[in-house]
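Me: I am new to this structure and would like to go through parts of it with you. Could you please bring it up?
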Amino acid sequence: MRSEPIRIANGQGFWGDSVDAPARLVRGGPIDYLTLDYLAEVTMSIMQRQKSKNSKTGYASDFVEVMREIFPELIEKGIKVVTNAGGVNLDSCFDALRKTAKELGLSGVKIGIVSGDDILERLDELLGNGAELNNMDSGKPLSEIRKDIVSANVYLGAASMAEALDQGADIVIAGRVTDTGLALAPMMHDFGWKVTDYDLLAAGTVAGHILECGAQSTGGNYTRWWDVPDYANIGYPIVEAYEDGSFVLTKHEGTGGLINKQSVSEQLLYEMGEPSNYITPDCVVDFGSIELEEDGADRIRISGVKGSAATDTYKVSINHFVGYKASGSLTISGPFAVAKAKKCAEIIWKRLENAGCKFEETSTEFLGLNSSHGDINPMPEQVNEIVLRLGVRDNDKAAVERFGKELAPLITNGPPGITGFAGGRPRPKNIYAYWPALIDKELVKPEVRVETI
Amino acid sequence: MKKVKLLEIAHSRSGDKGDSSNIGLIAKSPEAYEIIKNAVTSEGVKEHFGGIVKGRVDRYELPNLLALNFILHDSLGGGGSQSLKNDAQGKTHGQGLLLMSVEVPDDFELPNDENRPEI
């Protein structure tokens, strides 16, 4: 067995995460792989919409900006990158990366591209071949939303990304792959794990789950935040992975944040369903098998992970258009702030009713009072100021737009002491609902190609 | 017996799964795990969150992590981009659960928390 671990760091937990984190990981100490995770479920629909307006977009443009900064250092240090930045437009992402490499004077870099996840254009063919794509939560048939679908992507696993690395790729760009697969792929590649090594695949998947949300395993979102040193310089997570499936979570020396059993456990349970049945395209993981052990300062060793064979289906993430929404807020200060906020809400809803506007759904929230936790805590008798947040949802875009025009007038024609309306009128935003489904693996063919730029 | 908030003896983290949120509740010690395992039930969590949780609450035990995992069904106003809620992803539900009170023996020693702010 190899005694040296491979070091896999994650510098991006979502599209919008710290723009400095990838460079800090590359410069802060040794790593072998840098993973960059850009895709949330709703991101796919946003990217398809961008692409429909401009055929050169539809990928995580942040990725190219990050690469512009760190590309030469990656080559110099031999650090490989695995990312899902390709979104719904792998070719344009690749082109942009190639252009950036050229501008930086880099050549001979091998780029692996993993495709086959985007089935939007294949839906009719797949339905004809026996795929049902019923909503796996509600059981409803796809025909109910067929005409409103804006994106449809299969969650591919780690194997295709590992294959791209096997073919020599320095940078692997994928579209919709599992977040955990970004970290598992390098382990499969370096250690030669097979697709039937279920315990090992499960271990790599757990490592990926701990890494996938960036600093959420290194002190970010940590319950005892008062114990976290130097948040401003928080270290992003690094896994030192061993061939036997054990691994250590750590971060670079001199960085802020902390790693202990609780920080790791908090992240292990993040977005968790049934812990003994964590399904990925690569394997099924039992989170009840995970053993944590302290291994020095800011180091936790993880071992004992058990897995079993993958299912014969892929999960499909479909997004469909369901109407419009808008939300906006007003800040209400001074004596009787809560009573005034309630009065403001009453006035706005009355005016919209008078204007003939009806909505499928409305919301009235009092930020600073109880919007997050309802009546878990007793209400304070008086607060100095409060933010009234109103929202509407409907198919009628004109009504949603009209709602946006009813907030600002309150400042001059409602109760006194209202402010905080500098951002302009809330505009209607398209809503895309999530439609999870399953598809037989046989119907989907992931493709791998490696190009030298 | 004395009453303490879960904040005193546990950690938590929450996130979304469609229109459900999940909360991981992690005890600070094996003794604290025995307490939360017995005291924090699905019914208790549903009652604690009142009108926020419109569906059922599922509960899973992870003794290896001294943890419980709760799924709060139908708690995000539609979830994802459909929800009108300020917290459409249940990011705050974990902190909400730490406000729940449980009974501990009078001689139960609370973990040291010297850096914690007063209020």
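Reply: A definition comes before the details. On a 1 Å grid over the protein atoms alone, a pocket is an open set of points with protein on both sides within 12 Å along at least five of seven lines, a cavity is a set of points where a 1.4 Å probe fits but cannot get out, and lining residues have an atom within 4 Å of a point. This is a predicted model, in which local features need pLDDT of at least 70 and side-chain atom pairs count only at pLDDT 80 or more, while totals for chains, interfaces and linings use all residues; side-chain values use heavy atoms, with hydrogens and water left out. Residues are numbered from 1 along each chain as its sequence is written, and chains are lettered from A in the order in which they are written.

Me: Which residues lie nearest the centre of the second largest pocket?
Reply: They are A:His373, A:Asn377, B:Leu7, B:Gln95 and B:Leu99, out of 18 lining residues.

Me: And what is its volume?
Reply: The second largest pocket has a volume of about 460 Å³. A volume here is the space filled by probe spheres set on the grid points, which are joined across faces, edges and corners.

Me: How does its lining divide by class?
Reply: The second largest pocket is lined by ten nonpolar, six polar and two charged residues. Ala, Val, Leu, Ile, Met, Phe, Trp, Tyr, Cys and Pro count as nonpolar, Asp, Glu, Lys and Arg as charged, and the others, Gly among them, as polar.

Me: Where does that pocket lie with respect to the domains of chain A?
Reply: It lies between domain 1 (6-117 + 155-311) and domain 2 (318-435) of chain A, because both give residues to its lining. The domain bounds come from an automatic or database domain assignment.

Me: Changing topic, how many cavities of 30 Å³ or more are there?
Reply: There is one, and the largest cavity has a volume of about 40 Å³. Its lining includes A:Asn10, A:Asp179, A:Gly208 and A:Leu211, and divides into three nonpolar, three polar and three charged residues.

Me: Which helices each supply at least two of those residues?
Reply: They are α7 (181-191) and α8 of chain A. Helices (H or I, at least four residues) and strands (E, at least two) are DSSP runs, numbered from the N terminus.

Me: Is α8(A) largely enclosed or not, and why?
Reply: Helix α8(A) is largely enclosed by the rest of the structure, because twelve of its 14 residues are buried. Buried means under 20% relative accessible area, exposed over 50%, and partly exposed in between, with a 1.4 Å probe and protein chains only. Among the buried residues are A:Gly208 and A:Leu211.

Me: What about the strands: which one pairs with β11(A)?
Reply: Strand β11 (residues 291-294) is joined to β12(A) by four bridges, and the two run antiparallel. Two strands pair if DSSP finds at least two bridges between them. β11(A) and β12(A) form a hairpin with five residues between them, and A:Gly296 in the turn has a positive phi of about 95 degrees. In β12(A), A:Arg301 is the bridge partner of A:Glu293.

Me: Which other strand does β12(A) pair with?
Reply: Strand β8 (residues 247-250) of chain A pairs with β12 (residues 300-303) in the antiparallel sense over three bridges. The bridge partner of A:Phe247 in β12(A) is A:Ile302.
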